[in-house]
Amino acid sequence: MTDNRFPIVAVLGAGTMGAGIAQVCAQAGSRVVLQDITEEFVQKGLARIRDFLQKGVDKGKVTDAQRHEVLGRITTTTDRLAAGRAAQLVIEAVPEKLELKNGLFRELAAVVSADCVLASNTSSLSLAKVFAGVGGPGRCIGMHFFNPVPLMALLELVRTEATAPATIEAVTAYAAQLGKEPILVKDSPGFASSRLGVCLGLEAIRMVEAGVASAEDIDKAMVLGYGHPMGPLRLTDLVGLDVRLAIADYLRKELDHPGFAAPTLMRTMVAAGKLGKKVGQGFYRW
Ligand code: NAD
């Protein structure tokens, strides 16, 4: 990996996304510093990576030597400034809270090297707001990974007005190294993926509400008729109705588009605790 633009990557937040991002960066040959606020959370993230790799070994997709090598490239810390100081690329995957992300980047910008790329994995927040007041805005970019990170091919790169072409070029090259297919999107509500995906999901819910067809048949229409790997209602169950409702409300406001008005059925299901797969009941019983 002599031409690796990012020999050391810091990943902030060792949750669902952070652990996956750390894993793919280490698989791509980077040394990774995985950070979270407590040792317990860091260890949980590391355990998730170990489990994922072990499953790969069990299925014969990963050799034991590869697993060992990847894990050997990952170190952990609870000190985010130390993690950032060492890195050429910082990828943030902390909870979806604007103040938290913005505060973290403002603080980091002052200690990282001048050409260190600062990336956020936000799935919905305005990158202009996430990076507001952050020194060196040319090095700031959105890197929106998809869950589960090691398996999903898409990487949505989100550029702000200030993102420098050199940053886009470096991160695009790194995406290839990660084995991801990048798309480049302007900083706008819902980017490309959530805007289209959520819109489809909401319309499918409106169709269930209006009795157009059953959830199963609406999903089948998209799977068999349009080649989607999964129908929009099953996907809504997987993501969580509460999560999608929050995104719909946000997009309705930001885009001022009636297509994003959340259907009554969605609100009643969320109020009744039918949140999807995570609770065992949504449009489907799990
Ligand atoms: P998560 O709750 O699984 O993980 C977040 C982690 O961040 C937790 O381990 C938490 O302890 C840690 N954390 C909290 N405050 C921190 C701080 N100040 N510094 C460092 N770590 C801190 O959440 P997630 O699902 O991994 O989501 C993380 C981000 O990725 C969010 O912005 C989310 O919108 C985005 N995202 C999520 C998905 C998804 O499907 N889960 C997909 C794409 C993007």
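Gly 225 is found in helix H9, which covers residues 215-226. In this predicted model, Gly 225 is exposed, its relative accessible area being 57%. Leu 71 lies 154 residues away from Gly 225 along the chain, and the C-alpha atoms of the two are 42 Å apart.

Helix H9 also appears among the elements that cover the buried residues of H8, so helix H8 is a natural place to continue, because its 17 residues should span 24 Å at 1.5 Å a residue and its end C-alpha atoms are indeed 24 Å apart. Buried in H8 are Ser 193, Ser 194, Val 198, Gly 201, Leu 202, Ala 204 and Ile 205. Viewed down the helix axis, these buried residues of H8 fall within an arc of 160 degrees, and therefore they line one face of the helix. The cover over them includes two strands, S6 (140-145) and S7 (154-159), together with the helices H9, H10, H11 and H12. Just after H8, Gly 211 adopts a positive phi of about 70 degrees.

On the other side of H8 in sequence, the loop between S8 and H8 holds Phe 191. Phi of Phe 191 is near 45 degrees, a positive value in a residue other than glycine. Is Phe 191 buried or exposed? With a relative accessibility of 3%, Phe 191 counts as buried.

Strand S8 itself runs over residues 181-186 and contains Lys 186. Lys 186 has 48% relative accessibility and so counts as partly exposed. When neighbours within four places in sequence are left aside, Lys 186 is in contact with Val 158 and Arg 159. From C-alpha to C-alpha, Lys 186 and Val 158 are 5.6 Å apart in space, with a separation of 28 residues in sequence. The loop between S6 and S7 contains Pro 148, and the peptide bond leading from Asn 147 to Pro 148 is cis, with omega near -5 degrees.

Helix H11 can be described in a similar way. Its residues, 241-255, number 15, and the helix reaches 20 Å from first C-alpha to last, close to the 21 Å expected at 1.5 Å a residue. Leu 241, Arg 244, Leu 245, Ile 247, Ala 248 and Leu 251 are buried in H11. Down the axis of H11, these buried residues fall within an arc of 165 degrees, so they line one face of the helix. Helices H8 (193-209), H10 (232-239) and H12 (264-271) are included in what covers them.

The loop between H11 and H12 holds Asp 256. Phi of Asp 256 is positive, near 50 degrees, in a residue other than glycine. Asp 256 is exposed, with a relative accessible area of 62%.

Val 243 belongs to helix H11 and, at 35% relative accessibility, counts as partly exposed. Together with Leu 235, Leu 238, Val 239 and Trp 286, Val 243 makes a nonpolar surface patch of about 360 Å². Which helix gives the largest share of the nonpolar patch? That share, three residues, comes from H10.

Turning to charged pairs, a search of the whole structure finds 11 salt bridges. One of them joins Glu 169 to Arg 5, with the closest N and O atoms 3.5 Å apart. Glu 169 sits in helix H7 (residues 165-177) and Arg 5 in the segment before strand S1 (8-12), so this pair ties together parts that are 164 residues apart in sequence. Both partners have some accessible area: Glu 169 is partly exposed at 46%, and Arg 5 counts as partly exposed at 41% relative accessibility.

Another salt bridge brings together the side chains of Arg 267 and Asp 249, at 2.8 Å from N to O. This pair links distant parts of the chain, with Arg 267 in helix H12 and Asp 249 in helix H11, 18 residues apart. Arg 267 is partly exposed, with a relative accessible area of 39%, and Asp 249 is partly exposed as well, at 31%.

The side chains of Arg 73 and Glu 69 also meet in a salt bridge, 2.9 Å from N to O, and Glu 69 counts as partly exposed at 46% relative accessibility. Finally, a network of salt bridges links Glu 92, Glu 96 and Lys 101.

Terms used
Residues are numbered from 1 along each chain as its sequence is written. This is a predicted model: local features need pLDDT of at least 70, side-chain atom pairs count only at pLDDT 80 or more; totals for chains, interfaces and linings use all residues. Side-chain values use heavy atoms; hydrogens and water are left out. Helices (H or I, at least four residues) and strands (E, at least two) are DSSP runs, numbered from the N terminus. The expected span of a helix is 1.5 Å times one less than its number of residues. Buried means under 20% relative accessible area, exposed over 50%, partly exposed in between (1.4 Å probe, protein chains only). The arc is that of the directions from the helix axis to the C-beta atoms. Contact means heavy atoms within 4.5 Å. Patches are made of residues with over 30% relative accessible area and no salt bridge: like charges are joined within 9 Å, nonpolar side chains (Val, Leu, Ile, Met, Phe, Trp, Tyr) within 5 Å. Accessible areas come from the Shrake-Rupley method with a 1.4 Å probe; for residues, only the protein chains shown count as cover. A salt bridge is a side-chain nitrogen of Lys or Arg within 4 Å of a carboxyl oxygen of Asp or Glu.
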